[in-house]
Amino acid sequence: MSAAVERVEVVLPGKVEPEELQLRRGPVPAPGPGQVVVRMEATGVSFAEQQMRRGRYYDQPPFPFVPGYDLVGTVEAAGDGVEVAMLGKRVAALTKTGGWASHVLLDAADVVEVPEGVGAAEAETAVVNGITAWQMLHRKAKVRSGGTVLVHGANGGVGSMLVQLALSAGIHVIGTASARHHEALRVLGVTPVDYRNENIPARVREIAPGGVDAVFDHVGGPGLADSWSLLAPGGTLVSYGSAATRDDTGSKQLPVLKLLGRVWMWNALPNGRSAYFFNIWAGKALAKDRFRARLRADLTEVLTALRRGDITATVAAELPLTEVAEALRLAESGTVSGKIVLVP
């Protein structure tokens with residue numbers, strides 16, 4: 001590796017405005033045993049980073065740290081015990097933090113090969129969003145072909161993946177979105193509901209009088225009870241965020257604890273319905289090998305679906321890593337459809 005190459009990374013120094021993120025330069029790290037250095041080709045801006053900069057992500061590390069929930073890149077160096085064949089391979093990884101950097105040090109066991117023919121930005125849109133959608137649909141809700149689901153934020157990062165994966169599995173989809181996204185959703189085969197101007201529970205009951213088999217809710221807050229009420233007998237509510245509390249102040253754990261309390265209470269009711277709070281990292285601390293195997297299998301499924309065309313990557317914008325403030329502002333504006341991707 002050329003001595004002239006340096007690592008560039010974005011540092012979140014504290015609860016700051018996007019313009020106060022810092023760029024830090026230094027040497028490219030050397031891989032230890034079982035590790036690889038991945039030269040980043042694409043990383044993303046997700047809802048997690050929006051919460052982290054406010055100090056609102058429930059298990060974020062102490063400041064300062066390098067954000068970046070996931071990335072796609074090329075293996076540039078490998079440590080002892082890593083197959084030489086990995087060098088030069090394009091891989092994807094779920095990192096939670098650390099992805100907003102030109103070179104990232106990772107355990108080789110945590111990277112998943114990207115299939116031939118799938119571009120870096122395209123693959124990036126499907127890492128955290130795709131795994132989240134896949135695991136919620138197929139591991140938690142387990143909706144069968146012919147079923148009906150309600151997807152909140154059907155035009156969002158995870159929402160659009162959920163919609164496409166569900167449709168490709170023969171599942172009917174009702175999707176909430178603002179009116180300007182309805183035509184695009186109809187083209188896909190989704191029944192759209194305007195979350196701004198329609199009474200969501202009343203409209204969903206019109207479309208699915210017997211209730212829906214699953215609701216995927218990233219909003220949380222008071223509307224979660226409506227999501228629960230729309231389930232058919234045997235249906236599943238999967239809550240995977242609390243966007244409603246993004247701009248709140250105070251404890252970052254409280255919204256999650258309130259959510260968990262509701263989930264436990266609902267699961268105790270004898271009506272055959274179930275509720276989950278989905279956390280992509282669940283099980284990692286207790287069974288790391290099993291967690292990695294499941295992640296590898298599911299991400300491979302998602303990337304294969306992308307290559308087949310079952311799901312399409314929507315890149316809202318590609319911006320250089322050095323323009324991260326603009327990227328974060330754009331992501332937080334709520335005006336774009338698809339993923340904001342950062343490139344070297």
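**Figure 1. The largest cavity and its lining.** On a 1 Å grid over the protein atoms alone, a cavity is a set of points where a 1.4 Å probe fits but cannot get out, and its lining residues are those with an atom within 4 Å of a point. Grid points are joined across faces, edges and corners, and a volume is the space filled by probe spheres set on the points. The model shown is predicted, so local features need pLDDT of at least 70 and side-chain atom pairs count only at pLDDT 80 or more, while totals for chains, interfaces and linings use all residues. Residues are numbered from 1 along each chain as its sequence is written, and side-chain values use heavy atoms, with hydrogens and water left out. A search of the whole structure finds 2 cavities of 30 Å³ or more, and the largest has a volume of about 50 Å³. Its lining includes Thr125, Asn129, Thr312, Thr314 and Lys339, and helix α4 (residues 157-168) gives the most to this lining, with 4 residues; helices (H or I, at least four residues) and strands (E, at least two) are DSSP runs, numbered from the N terminus. By class, the lining holds 1 nonpolar, 8 polar and 1 charged residue, where Ala, Val, Leu, Ile, Met, Phe, Trp, Tyr, Cys and Pro count as nonpolar, Asp, Glu, Lys and Arg as charged, and the others, Gly among them, as polar.

**Figure 2. The second largest cavity.** This cavity has a volume of about 40 Å³, and the residues that line it are Ala109, Asp110, Val111, Val112, Arg292, Leu295 and Arg296. Two or more of the lining residues come from each of β7 (111-113) and α9 (288-308), with α9 giving the most, 3 residues. The lining divides into 4 nonpolar, no polar and 3 charged residues.

**Figure 3. Aromatic pairs.** Rings of Phe, Tyr and Trp (its six-membered ring) pair if their centres lie within 6.5 Å, and planes under 30 degrees apart count as stacked, over 60 as edge-to-face and the rest as tilted. By this rule the count comes to 6 aromatic pairs. The rings of Phe63 and Phe65 have centres 5.7 Å apart and planes at 15°, so this pair is stacked. Phe63 counts as partly exposed at 30% relative accessibility, whereas Phe65, at 8%, counts as buried (buried means under 20% relative accessible area, exposed over 50%, partly exposed in between, with a 1.4 Å probe and protein chains only). Trp281 and Phe291 are also stacked because their ring centres lie 5.9 Å apart and their planes meet at 25°. This pair links distant parts of the chain, with Trp281 in the loop between β13 (274-277) and α9, and Phe291 in helix α9, 10 residues apart. Both Trp281 and Phe291 are buried, and together with Tyr57, Tyr58 and Tyr69 they form one aromatic cluster.

**Figure 4. Gly235 and its surroundings.** Gly235 is found in strand β12 (residues 231-239) and, at 1% relative accessibility, counts as buried. Leaving aside neighbours within four places in sequence, Gly235 is in contact (heavy atoms within 4.5 Å) with Val212, Asp213, Gly272, Arg273 and Ser274. One of these partners, Arg273, has its charged end over the ring of Trp228, 5.8 Å from the ring centre; a charge sits over a ring if NZ of Lys or CZ of Arg is within 6 Å of the ring centre and within 35 degrees of the ring normal.

Conventions. On a 1 Å grid over the protein atoms alone, a cavity is a set of points where a 1.4 Å probe fits but cannot get out, and a pocket is an open set with protein on both sides within 12 Å along at least five of seven lines; lining residues have an atom within 4 Å of a point.
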